[in-house]
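Trainee: I would like to go through this model with you and ask how each label is earned. Shall we look at it together?

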Amino acid sequence: PLLSSWWLWAPGGTAHDVKVVGNYAYLALGASGLDVVDVSDPANSVRVGGYASGSGFSFGVAVSGNYAYVADYAAGLQVLDVSNPASPQRVGGYDTSGYARGVAVNGNHAYVADSGAGLQIIDVSNPASPVWLGGYDTSGLARGVAVSGNYAYVANTDQGLQVIRVYIGRYAMAQIENVPRAVAKTGQYAAGFIANHRGPGE
């Protein structure tokens, strides 16, 4: 393949994660929060806006619709309205029980890789008032997460990849499936069974 690169833009912090939606790149910049960069001209990218939470450390970001979801370490999940990329505004958040390191969004649910607290699942159907649905103890340090269909894929440090099948509904977990290490909130459930994968030689 033919590869080329440009020195596009130097952030005001340390870049930990990036998502691109349309003409904009959203960067999680640690103590500097979130930056929004116009990449419509890749050779001349321009910062157009940002948000500094002041209380967290932005490790991960996901974008869905008009909202950016930031894994903000000790400050948990932050929800920002980015309908105006030049002026992101915090509209809500949820202080997770661990240290939020990564986030993915699928439909109305945010999946947070919450370090020692494992995988946390949060209902963001009302971005101004996120609600915790349940979690899964990955027995390691959850650092990143991706979601496809009914599966969450968690980067779990020295335990490698953990694959969790997720159910979310109106009934208690125990009525559907009894799965070790799953935790649930009355009226909702998040359950799963897990598969592990480690790289060669691990």
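**Labels and the values behind them**

Mentor: Gladly, and let us begin with Tyr51, which is found in strand 4. Keep in mind that this is a predicted model.

Trainee: What makes Tyr51 partly exposed?

Mentor: Its relative accessibility is 22%. Buried means under 20% and exposed means over 50%, so Tyr51 at 22% counts as partly exposed. The C-alpha atoms of Tyr51 and Val36 are separated by 8.6 Å, with the two residues 15 apart along the chain.

Trainee: Which sheet does strand 4 belong to, and where in the order does it stand?

Mentor: An open sheet of 4 strands with antiparallel pairing has the order 1-2-3-4, and strand 4 is at the end of that order. Strand 1 (17–21) and strand 4 (46–51) are the edge strands.

Trainee: Why are strand 1 and strand 4 called edge strands?

Mentor: Each of them pairs on one side only. On average, neighbouring strands of this sheet are turned by 20° against each other, direction ignored.

Trainee: How do you know that strand 1 and strand 2 pair?

Mentor: Pairing asks for at least two bridges between the strands. Strand 1 is joined to strand 2 (residues 24–28) by 5 bridges, so the two strands pair, and they run antiparallel. Asp17 stands opposite Ala28 in strand 2, and Val21 has Tyr24 in strand 2 as its bridge partner. The two strands form a hairpin with 2 residues between them. In the turn, Gly22 has a positive phi of about 60°.

Trainee: What makes the contact of Lys19 and Asp17 a salt bridge?

Mentor: The cut-off is a side-chain nitrogen of Lys or Arg within 4 Å of a carboxyl oxygen of Asp or Glu. The side chains of Lys19 and Asp17 meet at 3.0 Å, N to O, so the pair qualifies as a salt bridge. Lys19 is partly exposed, with a relative accessible area of 29%, and Asp17 is partly exposed too, at 23%.

Trainee: How many salt bridges does a search of the whole structure find?

Mentor: It finds 2. Asp35 and Arg47 form one of them, with their closest N and O atoms 2.9 Å apart. This pair links distant parts of the chain: Asp35 is in strand 3 (residues 34–38) and Arg47 is in strand 4, 12 residues apart.

Trainee: Is Asp35 buried or exposed?

Mentor: Asp35 has 5% relative accessibility, which is under the 20% limit, so it counts as buried. Its partner Arg47 has a relative accessible area of 42%, so Arg47 is partly exposed.

Trainee: What order do the strands take in the sheet that holds strand 6?

Mentor: That open sheet has 4 strands in the order 5-6-7-8, and the pairing is antiparallel. Strand 5 (60–64) and strand 8 (89–94) stand at the edges, each with a single partner strand, so one side of each is left without a neighbour in the sheet. Neighbouring strands here are turned by 25° against each other on average, direction ignored.

Trainee: How many bridges join strand 6 to strand 7?

Mentor: There are 5, and the strands run antiparallel. Tyr67 has Asp81 in strand 7 as its bridge partner.

Trainee: What is the phi of Tyr73, and where is this residue placed?

Mentor: Phi of Tyr73 is near 55°, a positive value in a residue other than glycine. Tyr73 sits in the loop between strand 6 (67–71) and strand 7 (77–81). At 30% relative accessibility, Tyr73 counts as partly exposed.

Trainee: Where is Thr157, and what is its phi?

Mentor: Thr157 lies in the loop between strand 14 (151–155) and strand 15 (161–165). Its phi is positive, about 45°, although Thr157 is not a glycine. With a relative accessible area of 35%, Thr157 is partly exposed.

Trainee: Which residues line the largest cavity?

Mentor: The lining consists of Leu34, Tyr51, Ser53, Ser58, Val70, Asp72, Gln78 and Leu80. By class, that makes 4 nonpolar, 3 polar and 1 charged residues. The volume of this cavity is about 40 Å³, and the count comes to 1 cavity of 30 Å³ or more.

Technical notes. Residues are numbered from 1 along each chain as its sequence is written. This is a predicted model: local features need pLDDT of at least 70, side-chain atom pairs count only at pLDDT 80 or more; totals for chains, interfaces and linings use all residues. Side-chain values use heavy atoms; hydrogens and water are left out. On a 1 Å grid over the protein atoms alone, a cavity is a set of points where a 1.4 Å probe fits but cannot get out, and a pocket is an open set with protein on both sides within 12 Å along at least five of seven lines; lining residues have an atom within 4 Å of a point. Grid points are joined across faces, edges and corners, and a volume is the space filled by probe spheres set on the points. Ala, Val, Leu, Ile, Met, Phe, Trp, Tyr, Cys and Pro count as nonpolar, Asp, Glu, Lys and Arg as charged, and the others, Gly among them, as polar. Axes are lines fitted to C-alpha atoms, for helices over the stretch in contact, and angles run from 0 to 180 degrees between N-to-C directions. Buried means under 20% relative accessible area, exposed over 50%, partly exposed in between (1.4 Å probe, protein chains only).
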